[in-house]
Amino acid sequence: MKLITNAPRGTSDILPSETYKWQYVEKLLRKISTNFNFKEIRFPTFEHSELFNRAVGDETDVVQKEMYTFFDKGDRSISLRPEGTASSMRSILQNGLYGNALPIKVYYLINCFRYEKPQAGRFREFHQFGIEVYGTEKITADVEIISFAQSIFDTIGLEGITLEINSIGCKECRADYHKALKIYFEKYSDKLCNTCLDRLVKNPMRILDCKCPTCKEIAISAPKITDYLCENCNADFEKAKEYLKTLNIKFTVNPSIVRGLDYYNGLVFEFISSDIGAQGTVAGGGRYNGLSKELSDIEISGLGFAMGLERLILLMEKQNKFTTPDKSPTIFIASLNDKYLEYALLLTSKLRKCNISAECDINDRTLKAQMKYANKIGAEYVVVIGDNEVESGIADIKNMNTGEVKKFKLENLEVFLSNTTLKI
């Protein structure tokens, strides 16, 4: 087949045979969000570029290398969203929701865009589920969002997922930590990659997040942020560990977690799986109390996490957490010839109004071709409409799996089908 173009690299089509998995996951995430009293928020796919430059950090890889940025017809710099937190915070501020009862708890299901090297679990257009909480500085809120993420994995029944936590402190305690990191990494300046040499001047903490093997090896022995936490940050971190133990949520402290975006501070965390290769982080998040002041003159604390749906679904597939979708339609109404098509259309319409998946021929097929089509689309039952069926109001209903045939009144067909396991 000749095609003028394929889908852009790093994007993927989600075909009808796979969409049931996405629908299942999205339905589950919405249900858990309701259980935790989170409400859905929706915001634009693109924003003014300065939002992400300021919120995410103009020195980050996301802004410098990965954002899809262009000028619109009004010569304004526009970027496709690379994540959801900045847009969510912008919306909360712009629409004055900070004046409502606090805390504000929102969730979103969105597509995002980053120009990265495509690999398993990583795409240039990808999908995220995220939650955000605004208006509380209490460490119990941090523990609640970790509990939220844990409940997703528990509900699905995923295995082998580990929680790693860290505190990256506040501005005060990070100042001394940055000095210690600079002193340490300057000793290895001849071995650091060019990107990390730049980070050494601007934000040495980001060297801890470098993927270069040499830099990763050097970072292993770097000073730990947990040794530099101020009294308040350390007290919050200890409380968080106590509360997690109370909730029976297992964790390990990983001082190397700094997260990839500049707006984080305080408690940060990642849920990691070894079942999906190098891209093992399934969910990650933390606190970002200073973000609102970066974007406005309003100060409101914030925290949240995001979860990549591609990675989550990949993990569920590897652990066989999806069941085979129900066959559809439940019933196919075949007509002996064109004379009975109107009757078939009316009967199909009636069944659909009763919330039963039904289909009839709309392609002018012969009866033999209709039966073959019904089998191909996986119809569980088939009814053939002809003279006898129209006159008597009684038809043979064939179970396509077992071959069993039963007679039933057509006017009560929905009653029969409603008692099967295939009603949707």
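On helix α2 (residues 49-57), Glu50 and Arg54 are exposed, and they sit on the other side from a buried set. That set consists of Ser49, Leu51, Phe52, Ala55, Val56 and Gly57. Seen down the axis of α2, these buried residues fall within an arc of 155°, so they line one face of the helix. Their cover includes the strands β2 (46-48), β3 (69-71) and β4 (77-80), along with the helices α3 (61-66), α4 (85-94) and α10 (291-295). Do keep in mind that this is a predicted model.

Next, let us look at a pair of helices. The axes of α5 (residues 139-156) and α9 (residues 231-246) come within 9 Å and cross at roughly 45°, which makes α5 oblique to α9. The crossing of α5 past α9 is right-handed. On the α5 side, the contact is made by Ile139, Thr140, Val143 and Ile146; α9 brings Asp236, Lys239, Ala240, Tyr243 and Leu244. By type, the residues of this contact divide into 6 nonpolar, 1 polar and 2 charged.

The backbone has some points worth a look too. Most residues other than glycine have a negative phi, and most peptide bonds are trans. Two residues with positive phi are listed here:

| Residue | Phi | Loop | Relative accessible area |
|---|---|---|---|
| Asn37 | near 65° | between α1 (16-35) and β1 (39-40) | 46%, partly exposed |
| Asp75 | near 60° | between β3 and β4 | 61%, exposed |

As for the peptide bonds, the one from Leu102 to Pro103 is cis, with omega near 5°. Pro103 lies in the loop between α4 and β5 (104-113).

Technical notes. Residues numbered from 1 in each chain as written. Predicted model: local features only at pLDDT ≥ 70, side-chain atom pairs only at ≥ 80, totals over all residues. Heavy atoms only, no water. Axes fitted to C-alpha atoms, helices over the stretch in contact; angles between N-to-C directions. Helix = DSSP H or I, 4+ residues; strand = E, 2+ residues; numbered from the N terminus. Parallel < 35°, antiparallel > 145°, perpendicular 65-115°, else oblique. Left-handed = near helix turned anticlockwise from the far one by under 90°. Contact = heavy atoms within 4.5 Å. Nonpolar A, V, L, I, M, F, W, Y, C, P; charged D, E, K, R; others polar. Buried < 20%, exposed > 50% of the residue type's maximum accessible area, 1.4 Å probe, protein only. Arc of directions from axis to C-beta.
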